[in-house]
Amino acid sequence: MQSTVSLQPQDDARQLFLPLLDSSPETTTAAVVDGGRGGGGSFPKLVESSPSPPNGVAERESRRINKYVLAGAVLASTNSILLGYDIGVMSGAILYIKENMKITTEQQELLVGSLNVCSLIGALASGKTSDRIGRRYTVLIAAATFLIGAILMSFAPSFLFLVAGRVIAGIGVGFSLMIAPVYVAELSPAFSRGLLTSLPEIFISAGILLGYISNYAFSGLSETVNWRFMLGISAIPAVIVALGISAMPESPRWLAIRGREIEAKRILIKISESKEEAELRFTEITRSVSASCKWRGNESVWKELLLNPSPSVRRILIAAVGINFFMQASGNDAVVYYSPEVFREAGIEDNKQLVGVTVVMGIAKMGFVLISAFFLDRFGRRPLLLLGSTGMACSLAGLGLGSKYLEYSDEKPKWAIGLCVVAVCAALSFFSIGLGPITWVYSSEIFPSRLRAQGSSLAVSVNRLVSGLVAMTFLSISSKISFGGMFFGLAGIMAAAAAFFYHFLPETRGKSLEEIETLFDDDGLH
């Protein structure tokens with residue numbers, strides 16, 4: 001059973017916190033009241049020249065990103081390169097695996113989708129694991145598991161061995177997709193949480209681009225070895241994370257939930273720009289943890305989430321599961337995985353040309369996810385999410401139109417092929433503006449502290465399940481209704497997504513994690 005902190009009033013938090021702070025000119029010259037310096041009475045309280053700022057203000061006053069926060073966020077998010085690289089590299093590697101191993105379309109779908117489906121296992125296990133051993137070591141488990149899978153894929157002597165490697169790598173991906181956003185959200189101050197929690201999606205996009213480049217670089221080798229190099233290189237980021245884990249601070253919110261207040265305060269001092277900011281963040285955290293545990297006592301987290309949720313928790317769960325569902329129901333991963341097949345159908349025959357087009361797609365995706373990340377804390381989550389989802393709906397409709405025209409055209413005109421290429425790049429770009437980064441940001445910041453890890457793992461599990469189902473059925477459904485029909489269907493799904501986001505997702509920009517908890521109360525949704 002998890003031990004919890006018993007601090008409630010701000011003065012009690014100060015009593016534990018102030019001994020850790022070094023003396024400064026301001027504190028040594030301040031008058032001491034309420035009990036003096038000796039024993040007996042209450043803890044000495046310093047007279048301040050101005051009243052204490054309200055909760056969350058300290059986080060918003062500082063505008064510099066702390067170097068320890070940035071380093072921890074970058075290392076945790078490096079795991080996300082693994083998923084991005086796999087998505088990008090498989091789009092090209094599958095062309096050569098198909099020729100080398102003579103696999104069928106159904107085997108191709110199984111090979112591509114197995115990683116996504118099996119990442120469901122890692123996503124479900126990651127919540128409980130991170131609550132038990134901490135966020136930092138869960139990041140290490142994610143890296144180690146993917147490393148094993150990458151090695152198995154690179155040396156696979158048969159199709160079944162290759163699938164086994166992807167199953168193991170998928171479990172690592174599931175761990176990574178849950179823990180990276182949660183860890184970064186719990187470490188970051190409110191003013192930069194949008195940017196820093198977008199890092200996993202930035203790294204996913206960077207991984208996709210690196211996968212495309214790897215495809216192009218190794219495409220000239222023999223088909224018996226080129227795909228092995230493509231898949232084996234993915235072990236490098238996992239090694240980097242494993243080596244850098246000692247430099248990552250643990251989440252202070254996790255430490256507070258576990259009753260390890262002294263360690264939480266030391267880390268807060270390290271990751272805050274001032275002692276006052278660290279003190280106020282600690283007070284907010286302990287109040288939130290104490291209130292959450294008093295409200296639910298020892299009730300199981302899963303019971304609170306699924307069987308007996310409060311109205312606000314139910315709204316949070318609907319929002320988190322909904323945004324993760326629509327992220328993958330958009331078909332983005334499948335479009336990336338199978339874009340060479342789409343372009344081959346459109347009239348581009350040469351494998352190297354197909355891989356070259358995907359590099360252009362990767363550059364577009366990477367550029368727009370960077371734009372979104374840097375403007376997320378300025379414009380907010382909702383505007384970019386609505387822009388991205390409506391833009392995707394229009395782009396997918398254009399892609400459906402171009403695909404349908406080429407389906408009934410014998411000449412394959414260049415303008416129609418160009419329309420398909422531009423529409424795919426536009427769809428990926430709008431995804432990178434909205435659903436790509438914001439899904440990870442939003443679903444990691446809206447859950448209360450004691451529900452965050454397992455609530456996020458549930459939402460990510462839905463994400464991975466839908467991603468796997470789409471990846472494993474995309475080609476089969478498209479063969480029945482054509483690529484054009486498939487893209488029209490995805491456009492309709494994105495139109496429904498825009499309506500869902502408008503009605504169910506309140507804005508969270510600029511608020512501390514503790515303040516966000518109140519947004520899903522009855523009054524907070526208006």
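What percentage of the 526 residues in the chain is buried? In this predicted model, buried residues account for 58% of the chain. The fold is built from 24 helices and 2 strands. Among contacts with a separation of 6 or more, 82% join residues that are 24 or more positions apart. The accessible surface of the chain is about 20,300 Å², and carbon and sulfur atoms contribute 64% of that area.

**Internal cavities**

A search of the whole structure identifies 3 cavities of 30 Å³ or more. The largest cavity holds about 70 Å³ of space. Its lining comprises 13 residues, and those nearest the centre are I87, E201, I204, M327 and D333. Four elements, namely α5 (80–101), α10 (199–218), α17 (311–329) and α18 (332–346), each give two or more residues to this lining. Of the contributing elements, α10 gives the most, with 3 residues.

The second largest cavity has a volume of about 40 Å³. It is lined by 11 residues, of which R64, N66, P189, I271 and E277 are the closest to its centre.

The table sets out the composition of the two linings.

| Cavity | Nonpolar | Polar | Charged |
|---|---|---|---|
| Largest cavity | 7 residues | 2 residues | 4 residues |
| Second largest cavity | 5 residues | 3 residues | 3 residues |

Charged residues thus occur in the lining of the largest cavity, and the lining of the second largest cavity likewise includes charged residues.

How values were computed:
Residues numbered from 1 in each chain as written. Predicted model: local features only at pLDDT ≥ 70, side-chain atom pairs only at ≥ 80, totals over all residues. Heavy atoms only, no water. 1 Å grid on protein atoms, 1.4 Å probe; cavity = no way out; pocket = protein on both sides within 12 Å on 5 of 7 lines; lining within 4 Å. Points joined across faces, edges and corners; volume = space filled by probe spheres on them. Nonpolar A, V, L, I, M, F, W, Y, C, P; charged D, E, K, R; others polar. Buried < 20%, exposed > 50% of the residue type's maximum accessible area, 1.4 Å probe, protein only. Contact = heavy atoms within 4.5 Å. Areas by Shrake-Rupley, 256 points an atom, 1.4 Å probe, with all protein chains shown as cover.
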